[in-house]
Amino acid sequence: MADGDTKTAKSPAADAKFGRGFLGDIWYFAALSSDLKPGKLQRYELLGEPVLLYRDRKGCVHAMRDICPHRAAPLSAGTLTTEADGREVVACPYHGWRFGGDGACTAIPSLVAEQAMDTSRIRVRSYPAAESQGLVFVWVSSDPRFDGEPSQPPPLFEGVVGGAPKLVDRMVFDAHIDHAVVGLMDPAHGPYVHQQWWWRSAKSQHDKAKKFEPREQGFAMVRHEPSKNSRAYVVLGGEPLTEITFAIPGLRWEHVTVGRRQVLSLTCLTPVNETQTRITQIVWSDHPAFFFLKPFVAWGARIFLRQDGDMVNLQNEGLRYDPSLLWIDDADRQAKWYQQLKREWTASRKEGRPFRNPVEAAVLKWRS
């Protein structure tokens, strides 16, 4: 029975076919630090696996597979308790089996004194978890038996300023992360999906030419003046400059500077399973506009996200027939880069070599 839980755990793998599988050996955004209260056990689903996330009473964050190896009860329905030696452990609600933050079983209460059993050989899969800038990331290894240290730290973002986030919005798209990602980075859908007086209309379209460069695990539309037909930037005043960056597995952020003031809009895509992706949008800023216009900004962001969600649902009407997808340059070049990044990441992990970013600097042109 030793290690029985990890034998059946799924391993993430990037399937060659777009819209299937997940990247492994990489950090996934899981929650806000403020979501995890000391002593509270919370159940999440990541990459099709149930994951227990919790913060112990010392403030450390832990993640493990949310299935007890005894009778498969969810550990998140149990309690956080303390062993005689002071260790905090998770007790299963069914029979009280207890597990440390590393996934090792510390006790089986039903055993009597003469029933010798090495409980330490029984383990639940644990995941490295880390906090960074008020965000919680979980490292998902391609090997479910992985118990080492991640090969890199969790991501950092320039522009996390002004204290707590000014805006947090969440939604689940009924789509594989691949479709959610390419929809997020698509530059040409705006005039058709997002038509508001305070943003732009279908009649307001211009030729665009933007410079792109490779970045760590992704690429960026380098810092530039926002498009003239994007009215929402007007509320920032001054002369705003923006840079939009994407990194695998599913992180997109726009960093806007107006003199010394900053706005960072971060969108995290977390695969729930093969057909659902959780979208978390977080905005930080030290710009005075957010003190006065926060309700308006939150309202507009919610509208945008739900319009994208409605389009995903509409797109699913066609995707259920598994059609071939036609990608064009330059509007779909970012989608092509995303697929190249995924393939290279998977190949580098399998071959045990450094990741080599396949993206080359380019100027992309489209009309929107």
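User: What makes a space in this predicted model count as a cavity?

Analyst: A cavity is a set of grid points where a 1.4 Å probe fits but cannot get out. In this predicted model, a search of the whole structure finds two cavities of 30 Å³ or more.

User: How do you know which residues line the largest cavity?

Analyst: A lining residue has an atom within 4 Å of a point of the cavity. For the largest cavity, with about 60 Å³ of space, the lining consists of Gly-21, Phe-22, Leu-23, Tyr-28, Ile-177, Asp-178, Pro-249, Pro-271, Tyr-338 and Lys-342. Helices H2 (177-185) and H5 (333-351) each supply at least two of these residues.

User: What makes one residue in the lining of the largest cavity polar?

Analyst: The lining divides into seven nonpolar, one polar and two charged residues. Gly counts as polar under the classes used, and Gly-21 belongs to this lining; therefore Gly-21 is the polar residue. Asp and Lys count as charged, so Asp-178 and Lys-342 are the two charged residues.

User: What lines the second largest cavity, and how do its residues divide by class?

Analyst: About 30 Å³ of space lies in this cavity. Arg-125, Ser-126, Tyr-127, Pro-128, Trp-139, Ser-141, Asp-143, Pro-144 and Phe-146 form its lining, with five nonpolar, two polar and two charged residues.

User: Why is H2 called oblique to H5?

Analyst: The two helices pack at an angle of about 140°, and their axes are 9 Å apart. Angles over 145 degrees count as roughly antiparallel and 65 to 115 as roughly perpendicular; an angle of about 140° belongs to neither range, so H2 is oblique to H5. The crossing of H2 past H5 is right-handed.

User: How do you know that H2 meets H5?

Analyst: Contact means heavy atoms within 4.5 Å. On the H2 side the residues are Ile-177, Asp-178, Val-181, Val-182 and Met-185, and they meet Gln-334, Ala-335, Tyr-338 and Lys-342 in H5. By class, this contact has six nonpolar, one polar and two charged residues.

User: What makes the backbone at Pro-249, Asp-330 and Gln-133 worth noting?

Analyst: Most residues other than glycine have a negative phi, and most peptide bonds are trans. The bond from Ile-248 to Pro-249 is cis, with omega near 10°, and Pro-249 is in the loop between strands S15 (241-247) and S16 (251-258). The bond from Asp-329 to Asp-330 is also cis, with omega near 0°; Asp-330 is in the loop between helix H4 (289-319) and H5. Gln-133 is not a glycine, yet has a positive phi of about 55°.

Methods. Residues numbered from 1 in each chain as written. Predicted model: local features only at pLDDT ≥ 70, side-chain atom pairs only at ≥ 80, totals over all residues. Heavy atoms only, no water. 1 Å grid on protein atoms, 1.4 Å probe; cavity = no way out; pocket = protein on both sides within 12 Å on 5 of 7 lines; lining within 4 Å. Points joined across faces, edges and corners; volume = space filled by probe spheres on them. Helix = DSSP H or I, 4+ residues; strand = E, 2+ residues; numbered from the N terminus. Axes fitted to C-alpha atoms, helices over the stretch in contact; angles between N-to-C directions. Parallel < 35°, antiparallel > 145°, perpendicular 65-115°, else oblique. Left-handed = near helix turned anticlockwise from the far one by under 90°.
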